[in-house]
Amino acid sequence: MSQPAETPAAPETNTKPKHAPLSLRKGARLAVVQALYEMEISDKGVIEALAEFEAYWIGQEVDGVVHPPAETAFFRDVLRGAVEEQRAIDPKLDAALSKGWPLRRLEVVLRAILRAGAYELLFRRDVPARAAISEYVDVAHSFYAGDEPGMVNAVLDRVGREARSTEFGIPAAPKKA
């Protein structure tokens, strides 16, 4: 099935087929990053992106690239959440990035990966923090062969340690009276 002619193509990944199929959540995370990318470069809204990805991308072959199946409810939640909570997410990411490199200076796909990962760390307590970080490092490896996956790991680790300190063995700060 091909995409509508006026729609820019989602970024292609540099992954090759693996022996084990991707988990449905891994497929959802990859689709979220691609949808966030497309939304940013085309000014599409969440509803349009959800409909398009569910109809034309997820589990489909597009221009010779096979897009993995995905857990639809998880895809919807993470995409909507990353967009709706962006005002809460972006300052956390800016604080976790190196000084002089605000989120807005990063490449579009990196911003999408970090926003989706930060959404899970900040708002999806049902997903273990280390698992979310690892999954988004894997997503970064799908797009980048250089240092970017390491940067994703470092930034999301900082966000995760602040948001879920007890999961990292950091004692919670005492509550002030």
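Hi everyone. Let me start with a cut-off: a residue is called buried when its relative accessible area is under 20%. Keep that one in mind, please, as I'll lean on it throughout. And a quick reminder that what we have here is a predicted model.

So, salt bridges. The count for this structure comes to 16. I'll walk you through a few of them.

Let's begin around Lys 44. Glu 52 forms a salt bridge with Lys 44, and their closest N and O atoms are 2.3 Å apart. Is Glu 52 buried or exposed? Its relative accessibility is 6%, so Glu 52 counts as buried. Lys 44 comes in at 12% relative accessibility, and therefore counts as buried too.

Lys 44 also forms a salt bridge with Glu 38, with 2.7 Å between the closest N and O atoms. Glu 38 is buried, like Lys 44.

Now please turn to the helices. Asp 90 pairs with Arg 115 in a salt bridge, where the closest N and O atoms sit 2.8 Å apart. Which parts does this pair tie together? Asp 90 belongs to helix α4, residues 86–96, while Arg 115 belongs to helix α5, residues 108–123, so the salt bridge joins parts that are 25 residues apart in sequence. Both Asp 90 and Arg 115 are buried, by the way.

Last one, and here we go beyond pairs. Lys 26, Arg 29, Glu 120, Glu 135 and Asp 138 are linked by salt bridges into a network. Do have a look at those five on the screen.

That's my tour. Thanks for listening, everyone!

Definitions and conventions
Residues are numbered from 1 along each chain as its sequence is written. This is a predicted model: local features need pLDDT of at least 70, side-chain atom pairs count only at pLDDT 80 or more; totals for chains, interfaces and linings use all residues. Side-chain values use heavy atoms; hydrogens and water are left out. A salt bridge is a side-chain nitrogen of Lys or Arg within 4 Å of a carboxyl oxygen of Asp or Glu. Buried means under 20% relative accessible area, exposed over 50%, partly exposed in between (1.4 Å probe, protein chains only). Helices (H or I, at least four residues) and strands (E, at least two) are DSSP runs, numbered from the N terminus.
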